[in-house]
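Please load the model in your viewer, show it as a cartoon, and keep the selection panel at hand. The stops below go from one selection to the next.

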Amino acid sequence: MHDLVVLGAGPAGVGAAFRAARAGLDVVVIERAPGPGGAAGSFEIGGMRVDFGSHRLHPSIDPEILADITELLGDELQRRPRRGRIRLDGRWISFPLRAGDLFRRVSPRFTMGAAFDTATSWMRRPRADTFEEVLRAGLGRTVSERFYFPYARKLWGIEPHEISGEQARRRIAASSPAKILNRLVRGRSEPHFFYYPRRGFGSTWEVLAEAAEKHGAGVRFGVAAERIEFRADRVRVVAGGQSIEAGRLWSTVPLPVLARMSLPAPPQVVLDASSSLRSRAMVLVYLVLDVDRYTEFDAHYFPEEFTRVTRISEPKNYRDGPDPTGRTILCAEIPCSTEEELWALDDGGLADLVCEALASAELPRPRPVAVEVRRLSHAYPIYRIGYENAFNTLDSWAESVPRLLTFGRQGLFAHDNSHHALAMAWAAADALGPGGTFDDAAWGRARERFRSHVVED
């Protein structure tokens with residue numbers, strides 16, 4: 001019997017497996033995909049490594065975790081300057097925001113409106129705990145209605161007044177004029193940068209999986225868990241027609257999926273709650289271009305409603321890597337529902353949509369020589385008002401199941417960054433004691449810290 005089975009080999013799963021195996025536990029990882037990383041993984045198109053959208057390790061990553069990642073990746077991990085742009089008020093400005101660029105490029109109407117909102121911020125209070133009210137009270141009408149509200153409609157597919165206020169607290173770091181000014185001031189003295197492996201973001205999870213195996217972990221790719229039986233003294237996982245028994249199960253799969261495959265079956269109220277938690281899907285469109293660079297920028301953000309595209313990244317600009325000359329790739333992110341026509345639109349139609357978005361934004365119209373599409377059915381959790389009740393029902397059930405721990409983006413229904421997922425993995429491993437015992441109090445304190453995570457773009 002193994003000490004631990006980990007479901008899922010995304011950032012949280014392989015991070016936890018690496019740490020637990022290094023601590024001497026007998027670990028098995030089960031992943032239905034052919035390789036590690038999940039939605040943060042990498043793959044090859046046109047002779048270049050690309051990611052599932054735009055990913056990077058932010059400098060706010062815990063220093064201990066960064067030290068481990070750096071030791072594993074060595075010189076492959078690069079510190080890169082951030083060079084993004086955002087379409088705001090019909091104009092391109094630097095992103096992350098820079099004071100000089102912001103005041104030079106936005107329209108006087110936007111500047112005056114934002115200044116008025118800043119001066120009157122002391123008068124505003126949210127009238128309800130919704131995304132709309134939290135941001136309108138914190139940032140004012142100008143920034144909210146011209147930037148965040150249109151972006152929210154595209155990202156989550158519902159109106160701002162239908163979104164829980166928790167989404168604003170978890171998604172918007174600069175949620176007040178004072179915080180925006182502080183970021184602008186810091187941006188003048190602190191360079192914007194990120195960490196990124198020269199062979200794609202997925203290299204991070206690949207080396208973690210390899211390191212876990214070197215410490216004795218068994219990592220099984222292309223194997224899907226089918227049933228989980230929780231017994232008094234062990235956990236039995238049926239995956240790929242085989243039975244795996246362990247003292248504990250750590251799950252990073254979506255909570256609703258975990259509930260539906262568990263035995264004994266959860267109470268009906270838990271199963272009902274699982275059906276009400278929804279995620280936003282994402283279509284990723286990759287345009288292969290026979291030019292060395294499309295632009296000098298790593299990413300372009302599209303909050304405006306003239307297009308369904310939310311972001312276009314150019315992986316070649318994220319790194320100094322082994323990429324071919326005379327060729328680059330653009331990756332366009334298009335949030336949607338799996339029930340709408342866009343989800344099933346053919347490659348040519350999606351390429352036309354992306355090319356039209358770039359041309360409408362006064363960027364060169366691309367001439368792709370090839371197009372590839374990837375689809376993610378669970379890209380972002382949707383925090384519709386009242387979601388907390390359903391999540392808490394599922395979370396309470398999971399906490400009541402002996403020998404079970406859930407964490408990671410999907411396991412905690414969290415719109416977190418990769419460094420947040422790694423923080424969960426490290427905290428889980430840190431709570432392990434001699435002989436596979438687990439410090440529930442330490443994990444409880446870690447869960448409290450996770451509630452303060454704020455997404456960084």
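**First stop: helix α16**

Select residues 418–430, helix α16, whose 13 residues should span 18 Å at 1.5 Å a residue, and whose end C-alpha atoms are indeed 18 Å apart, which agrees; the expected span is 1.5 Å times one less than the number of residues. Helices (H or I, at least four residues) and strands (E, at least two) are DSSP runs, numbered from the N terminus. Before going further, note that this is a predicted model, in which local features need pLDDT of at least 70 and side-chain atom pairs count only at pLDDT 80 or more, whereas totals for chains, interfaces and linings use all residues. Residues are numbered from 1 along each chain as its sequence is written, and side-chain values use heavy atoms, with hydrogens and water left out.

How many of the 13 residues of α16 are buried? The count is 11, so α16 is largely enclosed by the rest of the structure; buried means under 20% relative accessible area, exposed over 50%, and partly exposed in between (1.4 Å probe, protein chains only). Among the buried residues to pick out in α16 are His 419, His 420, Met 424 and Trp 426.

**Second stop: helix α13**

Select residues 347–360 next: helix α13 has 14 residues and reaches 20 Å from its first C-alpha to its last, close to the 20 Å expected at 1.5 Å a residue. Show the side chains of Leu 350, Ala 351, Val 354, Cys 355, Ala 357 and Leu 358, which are the buried residues of α13. They cover an arc of only 155 degrees around the axis, which puts them on the same side of α13, the arc being that of the directions from the helix axis to the C-beta atoms. An α-helix has 3.6 residues a turn, so residues three or four places apart point the same way. To see what covers the buried residues of α13, add β14 (279–289), β16 (311–313), β17 (328–336), α12 (341–344) and β18 (370–381), which are included in that cover.

At the start of α13, a side-chain oxygen of Asp 346 reaches to within 3.0 Å of the backbone nitrogen of Gly 348, while just after α13 Glu 362 takes a positive phi of about 65 degrees.

**Third stop: Thr 204 and Arg 260**

Center on Thr 204, in helix α9 (residues 203–214); is Thr 204 buried or exposed? Thr 204 is buried, with a relative accessible area of 0%, and a polar atom of its side chain lies 3.0 Å from the backbone oxygen of Phe 201. Leaving aside residues up to four places away in sequence, Thr 204 touches Ile 69, Leu 73 and Pro 197, where contact means heavy atoms within 4.5 Å.

Then move to Arg 260, in helix α10 (residues 255–260), which is exposed, with a relative accessible area of 55%.

**Fourth stop: three loops**

In the loop between β13 (262–263) and α11 (268–276), find Pro 264; the peptide bond from Leu 263 to Pro 264 is cis, with omega near 0 degrees. Asp 89, in the loop between β6 (84–88) and β7 (91–95), has a positive phi near 60 degrees. Finish at Arg 403, in the loop between α14 (387–400) and β19 (404–406), which has a positive phi of about 70 degrees although it is not a glycine, and which is partly exposed, with a relative accessible area of 29%.

Notes:
A polar contact is a pair of N or O atoms within 3.5 Å; within protein, one must be able to donate a hydrogen and the other to accept it, and residues adjacent in sequence count only if both atoms are side-chain atoms.
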